[in-house]
Amino acid sequence: MSRQRLSGCRYFGVDMCLAAHRTLASNCSRLDTHELLFDLAYAVWYDAKMTKPLSIRPCMLMGPGPSDVDPRVLAAMAKPTIGHLDPQFLGVLNDIREMLQAVFQTRNELTLAVSGTGSAGMEACVVNLIQPGDAMLVCINGVFGARMKDVAQRAGAKVTSIEMPWGQVFAPQQIQDAIGKHGPFKVVGIVHAETSTGAAQPIKEIAQIVKSSGALMLLDCVTSLGGMEVDIDGWGIDACYSGTQKCLSCPPGLSPVTFSPAAEKVLMARKTPVQSWYLDMTMVRKYWGTERLYHHTAPINMVFGLHEALRLVLEEGLKPRWERHLRVHKQLKSGLESMGVNYLADPAHQLPMLNAVAAPDGVDEAAVRKRLLDEHRIEIGGGLGAFKGRAWRIGLMGCSASEGHVQALLTAMKKLLH
Ligand SMILES: Cc1ncc(COP(=O)(O)O)c(C=O)c1O
């Protein structure tokens, strides 16, 4: 029996094998029905699985990410793959650095797209700034602050964490107190847009406090970048990471990061090698910089996609784009509240692009999400952690932040809830 046939046969249930066996037994005089049975099964499997191209039914992506992707981005990703050291491609990398600097509002030279999703960016920032034994403060008010703590502990940081209830944000004084009580810290990390709760953390004052304590300020902008104000230089942020699949409206796969000159100095003065070879910015920067030294093969077509996505952001303009996110958030909010669906995050600090709402009493939130997808082709997210089983997370990110999306969702929700 060939290996290929055996692997094909694994996909078959008993029923199909028995049916094939019966057919063979009645039509065939040979005794080696086993061999024939496998031949038949393999042929059916091959026909069912291998001769049909992938078929995907599209839907409106209105969950916590990924968001809908502009056709221009998909078209850019379908351009011919070229080499990662081809001068054309190196030009694309230069453009991306410049466009990312504009979107992050920074002059940081060390600005690039890490190969990997937002978590890779988180890990890249932490492992490049932290050496084993370094003290780090992590502020946790949802899933992604907790993830940052986990990443920092794995990198060998001595982590102090402070917590706020889900849906609430930190006051600057809390950071000041934590630094006074447990500091000094080398790095202080916080999430700007907590996707698990829908809360928007004000950053400016906190960054000033962190800076004047001598620590580096690390910011998670995975969900905020491209959908609300992010001002890296204006706020004094030392390291920041984002993701392509939220308000940049590109598929998941790259994580834009930026490091200030102060963070770069800390990186270059390390005594121990960066814990992760793949994410080691002392090496990756030599590919994105003028040396063009090979480190790992860049995900070429993903980079093409990000190039187009950033062009779209800058074509629209940062401010108009933030305003669009806010406008459609307000439309969604008034529509949902008129149906008795209420927001979970502190009213003074609600994110425009991530609307975390409580499922009304007696409503099976998972069943509603399933029907939205099955019957209306709209995807929204469920609650995580403390909100699991009782919340919906509705994303209005990038291309999905449109009046059409809001109307489609409200119409479907009305049908499902009444
Ligand atoms: C705030 C925040 N940080 C980090 C991440 C991790 O990003 P990814 O899932 O792309 O690895 C996410 C993902 O949803 C996020 O929302």
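This section describes a long helix, two pairs of strands, one loop residue and the surroundings of a ligand in a predicted model.

Helix α14 comprises 21 residues, 318-338. At 1.5 Å a residue, a helix of this number of residues should span 30 Å, and the end C-alpha atoms of α14 are 31 Å apart, which agrees with that expectation. The buried residues of α14 are R321, W322, H325, V328, H329, L332, K333 and L336. Seen down the helix axis, these buried residues fall within an arc of 145°, and they therefore line one face of α14. On the other side of the helix, K319, P320, K330, S334 and S338 are exposed. The cover over the buried residues of α14 includes two helices, α13 (300-316) and α16 (403-417), together with the strands β11 (354-358) and β14 (391-395). After α14 comes G340, which has a positive phi, near 85°.

The two strands that help to cover α14 are also joined to each other, since β11 and β14 run antiparallel and share 5 bridges. Within this pairing, L354 has G395 of β14 as its bridge partner. Strand β11 is mostly covered, with 4 of its 5 residues buried.

A second pairing involves strand β3 (residues 135-140) and strand β4 (residues 158-163), which run parallel and are joined by 6 bridges. Here M136 is matched with V159, its bridge partner in β4. Strand β3 is likewise mostly covered, and 5 of its 6 residues are buried. In a regular strand, side chains alternate between the two faces of the sheet.

Residue Q201 is found in the loop between β7 (199-200) and α9 (204-212). A residue is classed as buried if 20 or more other C-beta atoms lie within 10 Å of its own; Q201 counts as buried because it has 23 C-beta neighbours inside 10 Å. When residues up to four places away in sequence are not counted, Q201 touches V169, F170, I190, V191, H192 and E194. Q201 and Q350 are 149 residues apart along the chain, yet their C-alpha atoms are separated by 8.9 Å.

The ligand is surrounded by 15 residues, of which the closest are T117, G118, S119, T195 and V222. Helix α6 (residues 118-129) gives the most to this shell, contributing 3 residues. By character, the shell around the ligand divides into 7 nonpolar, 7 polar and 1 charged residue.

Key: Residues are numbered from 1 along each chain as its sequence is written. This is a predicted model: local features need pLDDT of at least 70, side-chain atom pairs count only at pLDDT 80 or more; totals for chains, interfaces and linings use all residues. The expected span of a helix is 1.5 Å times one less than its number of residues. A residue is buried if 20 or more other C-beta atoms lie within 10 Å of its own, exposed if 12 or fewer, and partly exposed in between; C-beta atoms are placed from the backbone. The arc is that of the directions from the helix axis to the C-beta atoms. Two residues are in contact if their C-beta atoms, placed from the backbone, lie within 7 Å. A residue is near a molecule or strand if its C-beta atom, placed from the backbone, lies within 6 Å of it. Ala, Val, Leu, Ile, Met, Phe, Trp, Tyr, Cys and Pro count as nonpolar, Asp, Glu, Lys and Arg as charged, and the others, Gly among them, as polar. Two strands pair if DSSP finds at least two bridges between them.
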